[in-house]
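Work through the exercises below with the sequence and the model side by side, and try each task before reading its solution.

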Amino acid sequence: MVLLENDTFLAELTRLFEKSRVSGAVSLTIKRFNGHNKPVPRKSKPPLPVPSEYLCLVRASLSSKKISTVIHPKDVNKFQQAYWNLLKSNINGLKKLKKIKSAKPKAL
């Protein structure tokens, strides 16, 4: 998995969306990140201090291509706006759902 800067991540994500038009699907994951790569076993070492501010880890994958970025709390609004614009421009291949009319139950 490649850890990228926020702007580079968005550019690569755009490329992944373009590749997914031909075949495949882009998988996105967003989660809270405390800055540690691996969990520390609790029995062997003392617990890690709780950070005052958590980071945000964003991952994207298309088949074997995987990219990720870490967003700092001060950059969340800027990244969210750019991410939203990217999603609006690239999510256009969704199928329209058919509305299913439910039958009204008959009164006794």
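The exercises that follow concern a predicted model, and each task is followed by a worked solution.

**Exercise 1.** Find the aromatic pairs in the whole structure and describe how their rings are arranged.

Solution. A search of the whole structure gives two aromatic pairs. In one of them, the ring centres of F9 and F79 are 6.3 Å apart and the planes meet at 40°, and because this angle is neither under 30 degrees nor over 60, the pair is classed as tilted. F9 belongs to helix α1 and F79 to helix α2 (residues 76-90), so this pair ties together parts that lie 70 residues apart in sequence. F79 also pairs with Y83, with 5.9 Å from centre to centre and 10° between the planes, and this pair is stacked. F79 and Y83 are four residues apart in helix α2, which means that about one helical turn separates them. Taken together, the ring pairs link F9, F79 and Y83 into a cluster.

**Exercise 2.** Decide whether S20 and S63 are buried or exposed.

Solution. Buried means under 20% relative accessible area, and exposed means over 50%. S20 has a relative accessible area of 16%, so S20 is buried, whereas S63 has a relative accessibility of 71% and therefore counts as exposed. As for their places, S20 is in helix α1 (residues 6-20), while S63 is in the loop between β3 (55-62) and β4 (65-71).

**Exercise 3.** Which sign does the phi of S63 have?

Solution. Most residues other than glycine have a negative phi. The phi of S63, however, is positive, near 50°.

Definitions and conventions. Residues are numbered from 1 along each chain as its sequence is written. This is a predicted model: local features need pLDDT of at least 70, side-chain atom pairs count only at pLDDT 80 or more; totals for chains, interfaces and linings use all residues. Side-chain values use heavy atoms; hydrogens and water are left out. Helices (H or I, at least four residues) and strands (E, at least two) are DSSP runs, numbered from the N terminus. Buried means under 20% relative accessible area, exposed over 50%, partly exposed in between (1.4 Å probe, protein chains only). Rings of Phe, Tyr and Trp (its six-membered ring) pair if their centres lie within 6.5 Å; planes under 30 degrees apart count as stacked, over 60 as edge-to-face and the rest as tilted.
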